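Student: I would like to take one part of this model and look at it closely, rather than survey everything at once. Could you begin from a single side chain and work outward to its surroundings?

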Amino acid sequence: MQSVVVLFVMSLIVFSMINLVGDPVDMLVNPESLPDEIERVRRDFGLDQPVYIQYWKFLTGALSGDLGNSFVFGRPALTLMAERFPATLELAVSALIIAVMIGLPLGVYAGLRPDGLGARFIMGLSVLGISIPTFWLGLMMIILFSVILGWLPVSGRGETAVFLGIESSMFTLDGLKHLAMPATNLALFKIAMVMRLARAGTTEVMAQDFIRFARAKGLSSRRIVRAHLMPNILIPIVTVLGIEFGTLIAFATVTESIFAWPGLGKLVIDAIVNLDRPIVVAYLLFVVALFLVLNLVVDIIYAVLDPRVRLQGDEG
Amino acid sequence: MTGNKILSIQGLRTEFPTPHGPIVAVNGVDLEVARGEVLGIVGESGSGKTVLGLSAMGLIDLPGKVTAGRILFGGQDLTRHTEAQWQAIRGKRMAMVFQDPTTSLNPVQRIGAQMIEALQAHRDISKDAAKRIVLEAMVRVGINSPEERLLSYPHQFSGGMRQRVVIATALLNEPDLIIADEPTTALDVTVQAQILRDVRRLCQDAGTALIWVSHDLGVVAQIAHRVAVMYAGRIVEQGITNRLLKTPSHPYTAGLIASMPTNAKRGERLRSIPGGLPQLSNLPVGCAFAPRCAQASAACDVLPELVSTSAEHAVRCVSPLNEAA
């Protein structure tokens, strides 16, 4: 119920804001068109009507699953987004995997030996990872790996293949090559974040009595890390990553623009430039819905990972 | 020493470096525990009794370190052990029970798994076989419907139940020695009494030696054959429990006994020892208790040795009480 209210309020805000930005008709017609032609276009898109009528039309359409047609492409906004979504999802998932695979072990290592040289080096890297602007690093990566070394393609999405019913460029070598740079670029901030979370969690959990008791049982360090440390630090990490996954999808715009990745971010940036209102509105509503769903998913995963938040049927 | 000593600690010193100089938490402690014996270690918070227990288990966290002395356990000097050698002993031949049962168990792992892993760490044993042993151990410490309880998580247990789980876990591998660090302090008085009785019985049955660390002389009196009193990292007196309680030689021991609520008359104010523990990083040169001691004299400026007054009793004081006894 709350979610519906959030979506409704969001649509209201988005719709009124975007009407302030500028007149899309100026972008759509040839500047040399005759006034009556401009009027015709305006009428065709329903832009001659008062804002509240436009909003009412949009709202009734939205309730029946129609978020309007793109002014530029003349096709439904939802269809356009659905076409682009797999590319963005693939980029976000890859970035998330990279972030966990690199960030988690480094963070745990730094947390286990907080005063060691390695730990200090790792934490220094994480500060860099958080502070370096994504777009700058993306450009530097292109210069290094594509222009100078010539190892990786500059832009675009590579060949795709279908595996287990999913079409993705993760399953071809060419696709992976195309994916490597944008995914790493997008992951960079998250690597640093996972690293810091993992380190903080590790130092906190390792100081707990149950770790000491586990050592008193004669368990090996490896067993302690695997069975006692990991499950405990994963709880906060998964919570944060769940929400961060939303930001990966929603705000991959910068990375997608730099690497010309044909995803949602690219679509919406172009739509903003062209004042293609239906796309912008649909995209923003999609992002809101995405966060709502992710919050729910995180709550569910949380209950799976932490027995203390599960619904209690049995007595204490 | 003879073969019936399971643990013999000699001149043990454990230090924690700080920017203001090292804190010597355990300062030259000599201690012996015979097979099947129950030794109580008494002292107030900060006296070094917990650190002593952890040192004996090799569980001192860096930067803390055992800097001198020997820990002879079953004839081996543990201070020379590598981490791998320690792991083979911990939980198998020497086990530990901690003070707070609410934090001793991993909150996100089932009770059964936490107990089974203690067995599997030391024996090549199938999960089913381990489970059978665990179930028996749970019954022995008085946990009802253990089959069900195996699948529970720690938060579904009361504090007393959790401590029973911890104790059962410590007993799983039939160790020669259990070090219990204030295991009943965090529990209700009634639960405390039950657990005290159960632990004493279990150790007796299995012939396990027990070191019971506590600040509560009353609890120690109920369980220990012998008592060692610690003050500022040193043992100031040790002896047979009954005799030590009746005729203490060290003024500090006498003060502790006088402070026990059970020794106060109805309506009387509870007694206490004036002053507080000295800074461990800045100990007085002589007797550390002298500043709080009514009997203190100029002679106390030199650190007294721990002197044996009889085969079973020793005291570290220049003018011990009850000398006639």
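What does A:F286 count as in terms of its relative accessibility, and which residue does its ring pair with?

Tutor: The model is a predicted one, and what follows should be read with that in mind. At a relative accessibility of 23%, A:F286 counts as partly exposed, since the cut-off for buried is under 20% and that for exposed is over 50%. The value for A:F85 is also 23%, and this residue is therefore partly exposed as well.

These two residues belong together through their rings. Over all chains, the structure holds 5 aromatic pairs. In the pair formed by A:F85 and A:F286, the ring centres are 5.5 Å apart and the planes stand at 80°, so the arrangement is edge-to-face, a term used for planes over 60 degrees apart. The pair links distant parts of the chain, because A:F85 sits in helix α5 of chain A while A:F286 sits in helix α13 of chain A, with their positions 201 residues apart in sequence. A pair of aromatic rings is described by two quantities, the distance of the centres and the angle of the planes.

It is worth stepping back from the rings to the two helices that carry them. Helix α5 of chain A covers residues 77-112 and helix α13 of chain A covers residues 277-305, and their axes come within 9 Å of each other and cross at roughly 60°. The two helices, α5(A) and α13(A), are therefore oblique to each other. The crossing in which α5(A) passes α13(A) is right-handed. On the α5(A) side the contact is made by A:A77, A:L80, A:M81 and A:F85, which meet A:P278, A:I279, A:A282, A:Y283 and A:F286 of α13(A). Sorted by class, the residues of this contact are 9 nonpolar, with no polar and no charged ones. The two phenylalanines of the ring pair thus appear in the helix contact too, A:F85 on the side of α5(A) and A:F286 on the side of α13(A).

A:F85 leads on to another neighbour of the helix, namely α10(A). The axes of α5(A) and α10(A) come within 10 Å and cross at roughly 145°, and this crossing is right-handed. A:F85 is listed among the α5(A) residues that take part, together with others including A:T88, A:L89, A:A92, A:V93, A:A95 and A:L96, and further along the helix A:V100, A:L104, A:V108 and A:L112. On the α10(A) side, the residues they meet include A:V225, A:L229, A:M230, A:I233 and A:L234, as well as A:I237, A:L241, A:F245, A:L248 and A:I249. By class, this contact has 20 nonpolar residues, 1 polar residue and no charged residues.

A further residue can be followed from α5(A) into another helix. A:A95, which is one of the α5(A) residues in the contact with α10(A), is touched by A:A187, and A:A187 also touches A:I98 and A:A99, when residues up to four places away in sequence are not counted. A:A187 is found in helix α8 of chain A, which covers residues 173-206. With a relative accessible area of 0%, A:A187 is buried, whereas A:F85 at 23% is partly exposed. For a sense of distance, the C-alpha atoms of A:A187 and A:A77 are separated by 28 Å, and these residues are 110 apart along the chain; A:A77 is one of the α5(A) residues that meet α13(A).

The same helix α10, residues 221-250 of chain A, also has a role in covering part of chain B. It is among the elements that cover the buried residues of α3(B), together with α4 (127-140), α5 (146-150) and α6 (159-171) of chain B. In α3 of chain B, residues 111-120, 8 of the 10 residues are buried, so this helix is largely enclosed by the rest of the structure.

Finally, the setting of these contacts within chain A can be stated briefly. Chain A has 13 helices and 2 strands, and 41% of its 316 residues count as buried. Its C-alpha atoms fill a box of roughly 85 × 60 × 40 Å along the principal axes. Among contacts between residues at least 6 apart in sequence, 72% join residues at least 24 apart, and the pair of A:F85 with A:F286, at 201 residues apart, links distant parts of the chain.

Definitions and conventions
Residues are numbered from 1 along each chain as its sequence is written. Chains are lettered from A and ligands numbered from 1 in the order in which they are written. This is a predicted model: local features need pLDDT of at least 70, side-chain atom pairs count only at pLDDT 80 or more; totals for chains, interfaces and linings use all residues. Side-chain values use heavy atoms; hydrogens and water are left out. Axes are lines fitted to C-alpha atoms, for helices over the stretch in contact, and angles run from 0 to 180 degrees between N-to-C directions. Helices (H or I, at least four residues) and strands (E, at least two) are DSSP runs, numbered from the N terminus. Angles under 35 degrees count as roughly parallel, over 145 as roughly antiparallel, 65 to 115 as roughly perpendicular and the rest as oblique. A crossing is left-handed if the near helix is turned anticlockwise from the far one by less than a right angle, and right-handed if clockwise. Contact means heavy atoms within 4.5 Å. Ala, Val, Leu, Ile, Met, Phe, Trp, Tyr, Cys and Pro count as nonpolar, Asp, Glu, Lys and Arg as charged, and the others, Gly among them, as polar. Rings of Phe, Tyr and Trp (its six-membered ring) pair if their centres lie within 6.5 Å; planes under 30 degrees apart count as stacked, over 60 as edge-to-face and the rest as tilted. Buried means under 20% relative accessible area, exposed over 50%, partly exposed in between (1.4 Å probe, protein chains only).
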